[in-house]
Amino acid sequence: MGTALVYHEDMTATRLLWDDPECEIERPERLTAALDRLRQRGLEQRCLRLSAREASKEELGLVHSPEYVSLVRKTQVLGEEELQALSRQFDAIYFHPSTFHCARLAAGAGLQLVDAVLTGAVQNGLALVRPPGHHSQRAAANGFCVFNNVAIAAAHAKQKHGLHRILIVDWDVHHGQGIQYLFEDDPSVLYFSWHRYEHGRFWPFLRESDADAVGRGQGLGFTVNLPWNQVGMGNADYVAAFLHLLLPLAFEGQMQATPECFAHLTQLLQVLAGGRVCAMLEGGYHLESLAESVCMTVQTLLGDPAPPLSGPMVPCQSALESIQSARAAQAPYWKSLQLQDVTPVPTSPSTHSPEGRPPPLLPGGPMCKAAAPASAPSSFLDQPCLCPAPSVRTTVALTAPDTTLVLPPDVIQQEGSALREETEAWARPHESLAREEALTALGKLLYLLDGMLDGQVNNGIAATPASVAAATLDVAIQRGLSHGAQRLLCVALGQLDRPPDLAHDGRTLWLNIGGKEATALSMFHVCTPLPVMTGGFLNCILGLVLPLAYGFQPDLVLVALGPGHGLQGPHAALLAAMLRGLAGGRVLALLEEDSTPQLAGILARVLHGEAPPSLGPSSMASPEDVQALMYLRGQLQPQWKMLQCRPHLVA
C-alpha cells in the first residue's frame with residue numbers, strides 16, 4: 001500500500017528572533033536538511049507525498065485546554081518583546097508570529113498520517129514536522145514543544161477510528177513527559193520511552209522519568225520508562241532494550257499501532273499491528289545525524305533491508321542495570337515478565353562506563369569443543385559484513401511455477417537453475433540427492449543462492465522434497481560458506497540434524513528449534529524443543545534466537561522448515577520477518593515441497609517487506625518452555641552478551 005511522507009514548507013517559518021543559546025538549536029534547517037537528504041537518496045520520490053493541513057480547534061482540544069490553545073493563538077499578533085516575555089513563562093521555549101500556524105500544521109500532519117494508515121490508503125509513513133511535541137502538556141509549552149503532536153494523533157485514532165490499543169515508542173534523547181502525563185491513567189495507550197536520565201541530572205530533571213514511574217490507576221503498567229544513566233549508549237544497548245523489554249510487553253498487549261540502528265528498531269516495530277506504523281519527528285538537533293536517521297527510517301518503512309549494525313553487540317553494564325530496573329518495575333503488571341528473573345539490582349552512578357565494554361565476542365571459549373585456530377588474524381565477529389544493494393528484492397524458486405501463489409507484483413517466480421554438472425557435483429556427497437526430483441530442486445536452490453551471494457537478489461524462498469531436506473540444507477550451508485558468506489546463521493525448525501562436518505570455527509551459528517531437549521553443544525550449536533504455546537514461541541524468538549542472531553551479526557541467514565516443524569503460517573512469518581533485519585535482509589527460506597502454497601506466499605510477502613499476520617490471542621509460555629529457555633540462556637550468556645538482561649554483580 002506504500003509509505004506516506006507528510007510535510008509542509010510553512011513549518012520552516014518559525015525561528016528564534018532573539019539571542020538564546022538554549023533555544024537556537026531548534027531551527028528550520030532541521031526540516032530542510034532531512035528533506036534534502038531524502039531527495040538526494042531518491043526516497044521522497046518513492047513515497048506518497050501529502051501536504052500537511054492545520055489541526056482544527058476541536059482536534060487540538062483532544063489533549064489541550066481551550067485556554068492554552070487561545071494563548072498560543074494570540075502569539076500571531078504579538079511583537080518581539082511580548083513574545084520574549086511570554087516565552088520566559090515556560091521552560092526552554094520560544095514563540096514566533098508563525099508559531100500557531102506551524103504548530104497546527106505539525107499536529108495536523110500527524111492526524112493526516114493516522115487517517116491515511118488506518119483507512120488503508122498507505123501501510124505506514126513519516127510526518128516530517130516542527131515544532132516537536134512530546135514535552136508539551138495540557139496547558140503548557142515545554143522543551144521547544146507547543147502542541148503534543150503524537151498525543152493528539154493517538155487521541156484522534158481512539159476517537160475517530162475506534163482503536164483500543166495504541167503503542168507509542170519515544171526514542172528521543174529526552175523524556176517525553178508530556179505524553180506520559182496525558183496517558184498515565186489510560187490502559188488503551190502503552191507509552192514506552194528511553195531517554196537520557198543520569199539519575200535525574202539531565203533535563204527535564206524529573207523524578208517521574210525513572211523506571212519506577214509505571215502509570216497510575218487503570219493505567220498501571222502502561223507507562224514504561226527506560227532511563228539511561230550514562231552517556232554513550234550504543235546499538236547493542238538499544239537492541240537489547242527492544243528484545244528484553246519493549247517487544248515482550250507489546251506482543252502481550254497486542255498493541256496496534258548510530259542512524260542504522262533506527263532502521264533495525266523500525267523494522268522490529270513493523271511486526272506489530274499489521275505493520276501500521278506512524279513515525280513522527282520529535283527532536284534531533286545534529287543536522288547530519290538527524291538527516292541520516294530520517295532516511296534510515298523512511299527506507300525501512302518502504303521495505304528496504306536494514307544495513308548492518310556497527311560496533312560490538314555487547315550491552316554495557318549501565319544499560320543492563322536500567323533494563324533490569326524497568327523489567328522489575330513492570331513485572332507486577334505483565335505476565336510475560338513474571339516467569340523470568342526480574343529481581344531489581346542496585347544502580348551505581350559511576351561504577352560502569354559504556355566505553356568500558358567487554359571485548360567483542362571471540363570464537364571459542366569454555367563451551368566450544370573446537371576453538372578457532374590460534375593463527376586466526378581476528379574474530380569473525382569484529383565488524384559487520386556489508387552486502388551489495390540487490391536489483392531484485394524477493395524471488396520464489398519452486399520446482400515448477402505455481403499459479404495459485406498470491407504474491408506482490410514485483411516478487412518473481414524463478415525460472416533459472418544452476419548448471420546440471422555443477423548441481424550434480426554438489427549433490428554427490430549425499431546419495432539421497434541423486435534422484436531426479438531432488439536434483440531439480442537443488443539446481444533451483446543453488447541458482448537462487450548464487451543470486452543472493454552475488455547481490456542480484458536480496459532474499460527468497462526455495463522448495464525441496466521433504467525426504468532430502470537435511471541434505472539440501474547441508475549443501476546450502478556449504479555453498480554459502482564457499483561463495484562469499486563470512487558468517488552464516490542457520491535456523492532449522494523441526495527434525496533437522498546439524499550436518500556432521502560443520503566446523504566450530506565461528507563462521508556458522510546453528511540453531512535448531514524442534515529438538516528433543518535444550519542443549520548447547522557449543523556456543524555455535526544450540527538446540528531447543530519447539531515451544532507448544534504462542535507465548536513460548538515468542539519467548540524463544542525474543543529471548544534466544546534474536547539475541548544470538550544480533551550478537552553473531554551474520555551476512556547470510558538460512559531458515560529451514562523441515563519435517564515436523566509444526567509452525568502455522570503466522571508463526572513462520574513472524575520468525576522470517578524478524579530475521580529479515582539481519583544480514584542486510586539476505587534471508588533464504590527453505591520449505592518442503594508439500595508445504596501449502598499459502599505458506600510460501602506468506603513468507604514471500606514478509607520477506608518482501610510486508611508485516612506478518614497476527615498470531616491471535618496472547619498466551620503464556622508453558623513452564624517447560626520457560627525452563628528450557630532459562631537453561632539455555634544461563635549456559636550461553638558468558639559467550640553471547642546480548643542474552644544478558646541484568647548486569648554482573650561485583651562483590
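Trainee: Which residues have the most contacts inside the largest nonpolar core?

Mentor: In this predicted model, the largest nonpolar core has 100 residues. Nonpolar side chains tend to be buried together in soluble globular proteins. Inside this core, the residues with the most contacts are Leu489 and Leu579.

Trainee: Leaving aside neighbours within four places in sequence, which residues is leucine 489 in contact with?

Mentor: Contact here requires heavy atoms within 4.5 Å. With neighbours within four places in sequence set aside, the partners of leucine 489 include Ala549, Phe552 and Pro554. Also among them are Leu509, Leu511, Leu556, Val557, Leu558, Leu579 and Leu582.

Trainee: How many residues does the second, separate core have?

Mentor: This second core is separate and includes Leu113, Leu163, Ile179 and Leu301. Its number of residues is 71.

Trainee: What is the order of the strands in the open sheet of three strands?

Mentor: Strands of a sheet pair through backbone hydrogen bonds, either parallel or antiparallel. In this open sheet the pairing is parallel. Strand S4 (166-170) and strand S6 (223-228) each pair on one side only, as edge strands. The order is therefore S4-S5-S6.

Trainee: Which residue in S6 does serine 193 stand opposite?

Mentor: Strand S5 (residues 189-196) runs parallel to S6, and six bridges join the two. Opposite serine 193 in S6 stands asparagine 225.

Trainee: At about what angle does helix H6 run to S4?

Mentor: Neighbouring strands of the sheet are turned by 5° against each other on average, direction ignored. Helix H6 (residues 149-161) lies across S4 and S5. Its angle to S4 is about 170°.

Trainee: Is the pair of phenylalanine 144 and tyrosine 285 stacked or edge-to-face?

Mentor: A search of the whole structure finds 16 aromatic pairs. In this one, the ring centres of phenylalanine 144 and tyrosine 285 lie 5.5 Å apart, with the planes at 75°. Planes over 60 degrees apart meet the criterion, so the pair of phenylalanine 144 and tyrosine 285 is edge-to-face.

Trainee: Is tyrosine 285 buried or partly exposed?

Mentor: Phenylalanine 144 has a relative accessible area of 11% and is buried, because buried means under 20%. Tyrosine 285 has a value of 24%, so tyrosine 285 is partly exposed.

Trainee: Which residues form one aromatic cluster together with Phe192 and Trp194?

Mentor: Phenylalanine 192 and tryptophan 194 are both buried. Their ring centres are 5.9 Å apart and their planes stand at 75°, so this pair is edge-to-face. The cluster that contains them also holds Trp171, Trp228, Tyr238, Phe242 and Phe262.

Key: Residues numbered from 1 in each chain as written. Predicted model: local features only at pLDDT ≥ 70, side-chain atom pairs only at ≥ 80, totals over all residues. Heavy atoms only, no water. Helix = DSSP H or I, 4+ residues; strand = E, 2+ residues; numbered from the N terminus. Axes fitted to C-alpha atoms, helices over the stretch in contact; angles between N-to-C directions. Core = buried A, V, L, I, M, F, W, Y, C linked by side-chain atoms within 4.5 Å. Buried < 20%, exposed > 50% of the residue type's maximum accessible area, 1.4 Å probe, protein only. Phe/Tyr/Trp six-rings, centres within 6.5 Å; stacked < 30°, edge-to-face > 60°.
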